[in-house]
Every structure is written in structure tokens, then in C-alpha cells.
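Take a walk through this fold, one piece at a time. Keep the structure in view as you read.

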Amino acid sequence: MAKLLTIQGGKPLEGSVRVRGAKNLVPKAMVASLLGSEPSKLRNVPEIKDVEIVTNLLTIHGVTVDVEPETGDLTLDPRQMRNAEHSEIDTHAGDSRIPILFCGPLMHKNGEAFIPDLGGCRIGDRPIDYHLEVLRTFGAVVDKQVTGIHITAPKGLKGAKLDLPYPSVGATEQVLLTAVMAEGITELKNAAVEPEIHDLIAILQQMGAIISVNTDRTIRIEGVDRLSGFRHRAIPDRNESASWASAALVTRGDIYVHGAAQRDLTAFLNTYRKIGGEFEVDDDGIRFWHAGDPLKPLVLETDVHPGFMTDWQQPMVVALTQAHGVSIVHETVYENRFGFTEALKRMGASIQLHRECLGSNPCRFGQRNFLHSAVISGPSELKGTDIDVPDLRGGFSHLIAALAAQGTSRVTGIEIINRGYERFIDKIAGLGADVEMTGR
């Protein structure tokens with residue numbers, strides 16, 4: 001019997017939650033430990049599915065991973081690193097894009113890398129091809145086989161000049177993890193500069209890498225022959241922090257988020273205040289609450305950092321269903337991120353999707369027939385319904401809507417939410433929600 005989460009909505013969420021290290025940093029930091037000649041220690045690690053997947057992948061490559069659950073500390077020892085069996089890699093790859101980031105470190109340390117046939121259902125053809133093209137630029141030879149992709153560098157990996165057509169986080173991570181031990185100098189233009197990228201750079205610098213970041217999104221890496229281990233505390237998960245903030249707003253609640261960091265939430269906090277939410281910052285976290293007055297509509301565009309993150313968009317759309325007036329949201333990062341709104345419409349939300357760029361700036365999706373703009377009219381009275389979770393952020397947004405809705409919602413597919421939200425059911429129950437989990 002599949003897991004089923006039953007939610008009796010309509011109660012304000014009140015209390016406190018704690019967020020640990022960022023999902024968008026921690027798995028990549030774990031991969032970086034492969035490059036070291038000594039053990040590394042990563043602190044503040046959350047108990048999420050992506051961490052479990054990477055732990056399994058590291059283990060089959062001979063890395064010893066020790067965890068301290070209470071503190072969220074991981075010790076990663078790569079000194080007995082080896083090649084893994086192809087079948088083992090395929091078994092542990094899961095639904096994560098992380099295996100593609102193993103390529104650079106594995107080629108530096110083992111001389112080769114193998115990526116299972118992830119296929120479109122797990123990672124999509126375009127991300128695979130783009131990562132492979134980046135690796136070819138460093139001198140990698142890619143051999144596509146029936147069971148997967150075998151990658152070697154018979155002449156070694158050499159520094160390269162790259163100019164990204166879009167500041168992709170994944171491509172920037174791939175370049176960093178490959179360039180730090182490639183021979184010569186690598187220059188990456190139009191790089192992603194998200195806080196998680198800067199935190200990964202800080203980790204690599206601790207290990208002995210030489211990396212500089214210019215104000216024009218250019219990253220310069222001087223390759224070195226050897227890297228040591230690192231000792232690092234992961235930055236807090238700004239996406240989870242923003243999700244709890246939106247939950248407080250939608251349910252007319254009051255939530256203190258231990259570990260939330262103002263610095264990396266600037267664009268979100270500005271928007272939160274404009275719509276009518278309130279927040280209070282102290283040394284340990286941020287308190288978020290509904291100020292009591294009617295929520296205000298707004299025009300919102302997602303963007304790469306330092307803009308409004310695409311991962312903040314979906315929870316915020318739920319909040320905008322409760323604003324008095326018409327809001328417009330223009331998604332410029334992912335072309336198909338509004339699929340989650342179908343469930344919201346079944347709950348009573350008034351949302352229309354458009355192919356046109358409805359924001360102030362045309363984006364790369366405007367001529368490609370994608371439904372990437374949303375017009376939201378509110379306030380809408382949400383009613384409980386049956387929901388099947390489509391993706392990580394969309395799934396948590398559905399939870400927020402169900403918690404605010406009148407009546408009962410039955411949610412399936414919640415395992416996806418475990419990829420990025422630690423013990424989320426315990427947390428919402430601790431905030432006073434009426435929830436029940438059945439199945440296994």
C-alpha cells in the first residue's frame with residue numbers, strides 16, 4: 001500500500017521548525033570530498049533522500065561515510081576510493097542528477113567515470129548532453145554504450161575557456177569540480193553565482209583549490225596537483241526557509257525558522273513584505289507571520305541569483321491565491337514549472353497560464369510555446385482535494401495549500417518531498433497541523 005498523507009486543513013501553523021544544510025549544496029560538497037587525499041568533515045547535513053543517494057554512491061566507490069545523526073555531521077574518507085561496478089551505480093543513482101557531477105572527480109582520481117543510462121525520465125537528454133559537452137571541452141572522451149556512458153581522459157584533463165549561454169547552476173558545479181585539478185587555467189564566463197555555488201567554492205578553496213570570482217560572473221580556476229580534505233558547516237537551506245515562511249502566510253500562522261539566514265533570502269524577504277507578510281530577524285533564525293491585513297497582489301519574475309529564486313515561486317503562488325486582486329508571475333528559469341497549479345485550480349484557485357512573457361523582460365521561453373506565465377486572481381477559498389505530488393517544490397506547495405484549505409485533502413507521492421525537506425511531516429504536525437500518515 002502506497003503512502004497516503006491525509007490533511008484536515010484550515011488551522012494556522014504556529015510554532016518553530018529548524019532547517020539544516022542546503023539541499024542544493026550538501027550533495028555537491030559530498031562529491032567534492034572525492035577530490036581530497038584526506039578525510040573531510042561536513043557539518044549541518046540534513047536527513048534527506050538526496051544525501052542518502054550520494055552516500056550510497058560514495059560508498060560503492062570505496063569512500064567511508066560516517067554519520068552523526070544528532071548533529072548532522074558527516075565524515076567522508078576517500079583514501080580507499082575505487083571504481084564501482086556499473087550495475088551498482090545504476091542501482092543507487094535513483095532519481096537524482098548527482099551522478100553526472102561525479103565525472104570530473106572520478107576521472108582525476110580513477111582515470112575514468114561511468115554514468116548509468118539515466119534516460120529522460122530521470123535527468124533528461126538536454127542536461128546530460130550539456131554536461132558531456134562541458135567535459136569534452138576539458139579533453140574528456142565520451143563513449144555512449146548500451147548500459148550507460150563511459151568517460152575517459154587519455155591525454156588528461158586540461159584547463160578550458162567556457163562561456164555559458166545561461167548561468168546554469170549544474171554546469172557551473174560541473175566546471176568547478178572538474179577544473180580544480182585540471183592542468184592549466186580554466187575561465188568560466190556567465191557562471192551561476194548562487195550562495196550554494198559560493199559555498200562550494202569555499203569548500204574547494206579549503207581543500208587547496210585556487211578560485212577567483214569576478215563581479216561580471218566570471219570564475220577563474222588555476223588547476224592544482226593535489227587537494228586535501230575540508231572541514232565545513234553547510235549554509236542553511238534558504239529554499240526550505242522560504243517554504244515555511246510561505247506556509248505561515250497562507251495559513252495565517254506564525255512560524256519561527258531556526259537556522260534561516262537573512263543574507264541569502266534578501267529578494268524573498270522583500271517580496272514577502274510587499275505581499276503583506278511580516279518577519280523578524282535574530283541571531284538564531286527568522287520569525288515569519290501573517291500581519292493580519294488582506295494580502296496584496298503583485299507582479300513577480302523569477303531569475304537567477306540575486307533575483308527571486310524559481311524554487312521560491314511555487315510556495316509564493318499559493319500565497320498569491322489569497323491576495324486581494326490580480327497577480328502576475330513570470331517564470332524565466334524553468335519552462336514547465338506551473339504544472340503544479342492544476343491541483344490548486346481543483347482546490348478552487350483562479351489561475352490562468354499563458355505562453356507569453358507577462359513580466360517586464362522577455363525571456364528565452366517567450367518564443368518556444370511554453371506555459372511560463374501565470375495570472376492569479378484572488379482571494380480564493382481553497383477546498384480540500386486529492387493530490388498526487390508532481391515534483392519536490394510543487395509537492396510542498398500542495399501541502400501548504402492543503403493545510404490552508406477547508407476540508408480534507410489526501411496526498412500521494414509524498415516520497416518526492418523527502419528529497420529536499422527533512423522530516424517534513426513531523427514538522428508540520430509539530431506546528432499544530434491535523435495530519436495522518438498511512439501506508440508504507
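Strand 6, residues 112–116, is largely enclosed by the rest of the structure, because 4 of its 5 residues are buried. In this predicted model, buried means under 20% relative accessible area. Strand 6 has a partner in strand 8, residues 148–152. The two run antiparallel, joined by 5 bridges. One bridge pairs P116 with G148 of strand 8.

Now move along the chain to a sheet. Here 4 strands form an open sheet in the order 17-18-20-19, and their pairing is mixed. Strand 17 (299–301) and strand 19 (350–354) stand at the edges. Each has a single partner strand, so one side of each lacks a neighbour in the sheet. From one strand to the next, the twist averages 15°.

Look next at strand 18, residues 325–330, and strand 20, residues 373–378. They pair in the antiparallel sense, over 6 bridges. S327 stands opposite I376 of strand 20. Helix 11, residues 310–320, packs on this sheet. Helix 11 touches strand 17, strand 18, strand 19 and strand 20. Its direction makes about 170° with that of strand 18.

Helix 11 also packs with helix 10, residues 266–275. How are two packed helices described? By the angle between their axes and the distance between the axes. For helix 10 and helix 11, the angle is about 5° and the axes lie 12 Å apart. Angles under 35 degrees count as roughly parallel, so helix 10 is roughly parallel to helix 11. Helix 10 brings A267, F268, T271, Y272 and I275 to the contact. Helix 11 brings W312, M316, A319 and L320. By class, this contact has 8 nonpolar residues, 1 polar and no charged ones.

Terms used. Residues are numbered from 1 along each chain as its sequence is written. This is a predicted model: local features need pLDDT of at least 70, side-chain atom pairs count only at pLDDT 80 or more; totals for chains, interfaces and linings use all residues. Side-chain values use heavy atoms; hydrogens and water are left out. Buried means under 20% relative accessible area, exposed over 50%, partly exposed in between (1.4 Å probe, protein chains only). Two strands pair if DSSP finds at least two bridges between them. Axes are lines fitted to C-alpha atoms, for helices over the stretch in contact, and angles run from 0 to 180 degrees between N-to-C directions. Contact means heavy atoms within 4.5 Å. Angles under 35 degrees count as roughly parallel, over 145 as roughly antiparallel, 65 to 115 as roughly perpendicular and the rest as oblique. Ala, Val, Leu, Ile, Met, Phe, Trp, Tyr, Cys and Pro count as nonpolar, Asp, Glu, Lys and Arg as charged, and the others, Gly among them, as polar.
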